Amino acid sequence: MKLIATTIASILIAVPALAGDKTPNVNISHGLTLLENLKYPPDFRHFDYVNPNAPKGGVLRRYSIGTFDSFNPYIIKGNPTGAVGMVFQTLMDTPMDEVSAGYGQIAESVEVANDLSYTTFNLRKSARFHDGTAITADDVIWTFRALKKDGRPFYRFYYKNIARAVKLGEHKVKFEFTGPPNRELPHITGQLPVLSKKWWSERDFSKTLLEPPMGSGPYRIVKFEAGRYVKLERLKDWWGENLPVNLGRNNFDHIRIDYYRDQTVALEAFKSGRYDLRSENTSLTWATGYDFPARRDGYVKLDEVQHARPTGMQAFVFNTRKPIFKDLELRRAIAYAFDFEWSNKNLFFGQYARTKSFFSNSELAATNLPSKEELVFLKPWRDKIPAQVFTQIYDPPASDGSGNIRRNLRMALRILKGAGYKIKENKAISPRTGAAVKFEILLVSPAFERIATPFVKNLSRLGIEANIRTVDQSQYINRVRSFDFDMIVSTFGQSESPGNEQRDYWSSAAAERAGGRNVIGIKDPAIDSLIENVVNAKNRKSLIHATRALDRVLLWSHFVVPQWHVRKDRIAYWNRFGIPKHPKYGPDTMSWWIDPAMDAALKNRGKKR
C-alpha cells in the first residue's frame with residue numbers, strides 16, 4: 001500500500017467481541033493507520049489543512065492531455081477520463097497530511113480482528129448513490145467481485161489475499177483474508193470504491209462506458225464530448241458534505257476538464273485564460289515558459305510547494321522479455337551513456353536530484369550497506385542475486401556535467417568487452433546472437449525527445465544504435481499494455497507503506513499479464529521472495545528492512561537507468577482562489593475555493609488597461 005498483530009492493538013480501540021463472532025479480540029475505530037498512531041481523534045471535525053468555512057460556488061477549469069473514450073476507469077479497455085475520481089467514493093478516505101491513514105467515508109467505522117484474519121466495515125446508513133438509493137453491503141460485495149473478476153490486472157494482485165466478502169447485515173460487510181497476517185489488508189479493503197450493483201446490473205462492467213456513471217461522490221457528470229471535455233456539477237444536497245473527511249473540500253459548483261493534444265498547446269491555452277490551474281512537470285517550461293503579461297502583472301501565480309511524499313523511481317526502463325535485454329551486463333553498460341549531470345545543468349536548470357532508489361525520498365531507500373536484519377532476507381539468495389548487493393552501496397554512473405563522459409564510456413566498453421561483446425565497424429556485436437545491438441526508445445511525449453537524444457548520441461559512441469519513436473497516446477497505451485517495446489520511460493510510484501502493489505510491479509506472476517505494471521518483465525524467484533517479505537512484514541521496523549532488501553536487489557539487477565526526482569510540486573494558477581495552508585504531502589486543490597474579490601479583480605483586469 002500504499003496493521004498487524006504486533007501493532008494494531010496500540011492504534012485501534014479495543015471492544016468486546018461481536019455476538020456470534022468466534023474471534024475473542026476485535027478492534028474498532030473511526031480510522032486505520034499503517035504507522036503508529038492516528039493523527040485525528042474519533043471526534044475530529046475536519047482536516048487541519050482545510051478552511052471549514054470556505055465558500056461554495058464558481059467554476060474550476062482544469063485540463064488533461066490526450067483523449068478519453070470511457071467513464072469506466074476500472075477495466076483495462078479504453079482510455080478513461082480522470083473526472084470520475086470525483087464521482088465515485090471509497091469506503092475510507094486518506095488525508096493529504098497523513099497518507100498512510102484512512103478515515104471513514106462510506107464506512108462509518110471499521111473492525112479488525114487482532115489476528116488480522118478479517119476486517120469488517122460498518123456502512124453509513126446516510127450514504128447514497130446519486131439516484132437516492134442507499135449504499136448497502138450488496139453494493140460493496142458486488143464491486144469487490146466485479147473488480148477481481150473483470151477489473152484491471154492490478155486488482156487481482158492487490159486483492160490476492162482477500163478471500164471473500166460476506167454480508168453481515170444491510171450496512172455491514174466482512175472481508176476475510178488468507179495467507180500470513182498482512183498488515184495492509186484492512187487498508188486495501190478501505191480503498192475499495194463502491195459502485196451501484198443495481199445500476200451496473202443493466203450494463204456490462206467489462207466494457208467501456210460513455211454514459212455518465214451512477215456514483216456516490218460530491219460531483220456528477222452533466223455534460224461531455226468524448227475526447228474534448230467533461231463538465232461536472234456539485235450535488236447541492238450531497239450526503240457526505242459535512243463529514244469530517246469532506247468539510248471544507250469540494251467547494252466548486254462546477255468543474256470542467258478540457259483535453260489537449262499535447263503540453264505545448266495546453267500551455268498556450270493556460271496563458272490565454274482557458275483554464276485555471278496546471279501542475280508543471282517540465283523544468284524547461286517552468287524556467288522559461290511563464291513569462292507573459294498576466295504573470296508579470298500578478299494575475300497568474302507560480303508556487304513551489306515542498307512535499308514529503310516518497311518520489312519512487314522514474315527511469316529509462318528495459319523490457320527484459322526482449323532477448324537483447326536479458327543480459328544484465330549490457331543493461332549495466334547502457335546506464336553509463338546517460339549523462340544526468342549534463343542534462344540537469346543544461347536542460348533542467350539544475351532543478352532535479354538524481355534518483356538512487358526505487359523508494360527515494362523516504363526511509364525505505366537502501367542508502368547504506370545491508371544491515372544484519374536485511375541480511376536475514378538476502379543471504380538465502382546469495383548465489384542468485386548480484387554479488388554487489390552485499391558489498392557495495394548502489395550509486396548510478398555520474399559525470400562532472402561538462403558533457404565529456406569519456407571516462408564513463410570507457411567503463412561501459414570494458415563492461416561490454418568483459419561480457420563478450422565485440423566492436424566491429426563501430427557496432428557492438430552481441431555474443432549471444434552475433435547481431436549488432438540495436439533497440440527503440442518508445443515515447444509518448446515529444447518533450448522527452450530532448451532528454452533521450454543526448455542519451456542516444458552517447459550510446460552511438462559505444463556502437464549501440466538506439467532510435468527514438470514518439471507515438472500518440474492511444475498507440476502508446478496499447479503497446480505498453482501488450483509489452484510491445486524495447487525501452488520506455490516509466491515511473492514506479494511508492495507510498496510510505498509498500499505492500500501488495502509490489503507484486504504487480506516486480507513479481508513473476510505479473511510478468512506476462514497484459515496491462516500489468518511489471519513492464520520490465522521480471523521473473524526472479526529471489527525477488528518474488530523479497531516481495532513477500534514486504535507484504536508480510538509484522539511491524540514498521542520489519543517493513544523498512546524488507547523494503548531496503550528488495551530495493552538493493554532491484555537496483556543492482558540494472559532493470560532501469562534511473563533518472564531524477566524533485567521534492568516539490570510546481571503549480572501555476574490564475575489568481576482567483578482562496579488557498580488554505582498546504583498539507584505535508586502536497587497541495588490539495590479540492591480544498592481551494594473561489595475568492596469573490598480576487599475573481600472580480602481578475603475579470604476586470606482588461607478594463608484597467
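Contact, a term used throughout this briefing, means that heavy atoms lie within 4.5 Å. The structure is a predicted model, in which local features need pLDDT of at least 70 and side-chain atom pairs count only at pLDDT 80 or more, while totals for chains, interfaces and linings use all residues. Residues are numbered from 1 along each chain as its sequence is written, and side-chain values use heavy atoms, with hydrogens and water left out. Helices (H or I, at least four residues) and strands (E, at least two) are DSSP runs, numbered from the N terminus.

**Helix H2**
- The 14 residues of helix H2 (residues 137–150) should span 20 Å at 1.5 Å a residue (1.5 Å times one less than the number of residues), and this agrees with its end C-alpha atoms, which are 20 Å apart.
- Among the residues of H2 that are buried (under 20% relative accessible area, 1.4 Å probe, protein chains only) are Val140, Ile141, Phe144 and Leu147.
- The buried residues of H2 pack against strands E8 (118–123), E9 (162–169) and E10 (172–177), and also against helices H3 (153–158) and H5 (197–200).

**A three-stranded sheet**
- Three strands, in the order E3-E6-E5, form an open sheet with antiparallel pairing (two strands pair if DSSP finds at least two bridges between them).
- Strands E3 (31–33) and E5 (92–93) stand at the edges with a single partner strand each, so one side of each has no neighbour in the sheet.
- E3 pairs with strand E6 (residues 101–104) over three bridges, and Gly31 stands opposite Tyr103 in E6.

**Asn518**
- Asn518, found in the loop between helix H16 (501–506) and helix H17 (525–535), counts as buried because its relative accessibility is 0%.
- Not counting residues up to four places away in sequence, Asn518 touches several residues, including Arg321, Phe483 and Trp506.

Note on methods: Buried means under 20% relative accessible area, exposed over 50%, partly exposed in between (1.4 Å probe, protein chains only).
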